[in-house]
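Subject: A structure to look through

Dear colleague,

I am passing on the structure we spoke about, and below it you will find notes on what turned up. Please keep the viewer open while you read, and look up each residue as it is named.

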Amino acid sequence: MRFTYCPDCGKLLSHRDLGDEKNVPWCDDCNRPFFDTFYTCIIAIARCGDKYALIRQKNDDSETNTEKFICVSGYIGVCESAEAAAIREIKEELGIDACKVTMISSYVYEKKKMLMIGFCADVQQTEFNISGELIEAHWFDKDTAIEKLKNTSIGKELLLDILKREEKKNG
Ligand SMILES: [Zn+2]
């Protein structure tokens, strides 16, 4: 996202040099810079023991393939931490309370110009109460989950990173 107008007050932005940063978009009324930015989202996989939860989503944007299993994901709210967003999205989409969320890595999703912060969400309940936006949620063992995610851009990377971390922990 590049700002031409101030997203807070609507004034046409001017430009200023700020230290090493040249030509930064600047609002003369709000007296602050508006750097180029992109959306920050979370992507999360719920884990219960050695099972991983994936979802199929209803087709509300044409890029979502309803046949495909994907991970839970969503935008981080204003002034919300990434951890809180991960807990909220797991609750909204799966209807499950996460007892622990662990940040795994961040991933750049170039196609949609997003930074995705990846989490493993440990849960104790396996019964779903899914959101109306989903077709289904399903528990898979790790090999099946990797197979289901094989054509996803970030989901598979996240799962492999979770498994790598698990291996390290177990020596
Ligand atoms: Zn402004």
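Let me begin with His138, which is partly exposed because its relative accessible area is 35%, a value between the 20% and 50% cut-offs. Please bear in mind throughout that this is a predicted model. His138 has its place in strand S9, and, if residues up to four places away in sequence are not counted, His138 touches Tyr52, Ala53, Leu54, Phe69 and Phe128. Between His138 and Thr126 there are 9.4 Å in space, C-alpha to C-alpha, while in sequence they are 12 residues apart.

The nonpolar cores

Which residues have the most contacts inside the largest nonpolar core? They are Ile42, Leu94 and Phe119, in a core that has 24 residues. At least two residues of this core are supplied by each of S4, strand S5 (51-57), helix H1 (82-94), strand S7 (98-109), strand S8 (114-123) and strand S9 (134-141), and the largest share, 5 residues, comes from H1. Apart from this core lies another one, of 21 residues, and among them you will find Leu54, Tyr107, Leu149 and Ile154.

Ile42 is a good residue to centre the view on, and once its neighbours within four places in sequence are left aside, its contacts include Val72, Ser73, Gly74 and Ile76, as well as Ala82, Ala85, Ala86 and Glu89, and also Met116, Ile117 and Phe119.

Strands and their partners

One of those contacts of Ile42, Gly74, also stands opposite Ile42 in strand S6. Strand S4 (residues 39-48) and S6 run antiparallel and are joined by 4 bridges. If you turn to S6 (residues 72-75), you will see that Val72 and Gly74 make up its covered face, whereas Ser73 and Tyr75 make up the uncovered one.

S7 and S8 also run antiparallel, with 10 bridges joining them, and Val108 has Leu115 in S8 as its bridge partner. These two strands form a hairpin with 4 residues between them, in which Lys113 takes a positive phi near 50°.

There is also an open sheet of 3 strands, in the order S1-S2-S3 and with antiparallel pairing. Its edge strands, each of which pairs on one side only, are strand S1 (14-18) and strand S3 (32-33). Strand S2 (residues 21-27) is joined to S3 by 2 bridges, and Trp26 has Pro33 in S3 as its bridge partner. As background, strands of a sheet pair through backbone hydrogen bonds, either parallel or antiparallel.

A patch on the surface

Tyr75, on the uncovered face of S6, belongs with Met1 and Tyr39 to a nonpolar patch on the surface, and together the three have about 320 Å² of accessible area. Met1 is found in the segment before S1, and it counts as partly exposed because its relative accessibility is 40%.

Salt bridges

How many salt bridges does the structure hold? There are 13, and I would ask you to look at a few of them with care.

In one of them, Arg2 meets Asp36, with the closest N and O atoms 3.1 Å apart. Arg2 lies in the segment before S1 and Asp36 in the loop between S3 and S4, so this pair ties together parts that are 34 residues apart in sequence. Arg2 is exposed, with a relative accessible area of 69%, whereas Asp36, at 43%, is partly exposed.

Another salt bridge brings together the side chains of Asp122 and Arg47, at 2.8 Å from N to O. Asp122 is in strand S8 and Arg47 in strand S4, 75 residues apart, and the pair thus links distant parts of the chain. Are Asp122 and Arg47 buried or exposed? Both are buried, and for Arg47 the relative accessibility is 11%.

Arg47 forms a salt bridge with Glu166 too, and here the closest N and O atoms are 3.1 Å apart. Since Arg47 lies in strand S4 and Glu166 in helix H3 (residues 155-169), the pair ties together parts that are 119 residues apart in sequence. Glu166 counts as partly exposed, at 22% relative accessibility. Through salt bridges that share partners, Arg47, Asp122, Glu166 and Lys169 are joined into one network.

With best wishes

Note on methods. Residues numbered from 1 in each chain as written. Predicted model: local features only at pLDDT ≥ 70, side-chain atom pairs only at ≥ 80, totals over all residues. Heavy atoms only, no water. Buried < 20%, exposed > 50% of the residue type's maximum accessible area, 1.4 Å probe, protein only. Pairing = 2+ DSSP bridges. Core = buried A, V, L, I, M, F, W, Y, C linked by side-chain atoms within 4.5 Å. Contact = heavy atoms within 4.5 Å. Patch = residues over 30% accessible without salt bridge, like charges linked within 9 Å, V, L, I, M, F, W, Y side chains within 5 Å. Areas by Shrake-Rupley, 256 points an atom, 1.4 Å probe, with all protein chains shown as cover. Salt bridge = Lys/Arg side-chain N within 4 Å of Asp/Glu carboxyl O.
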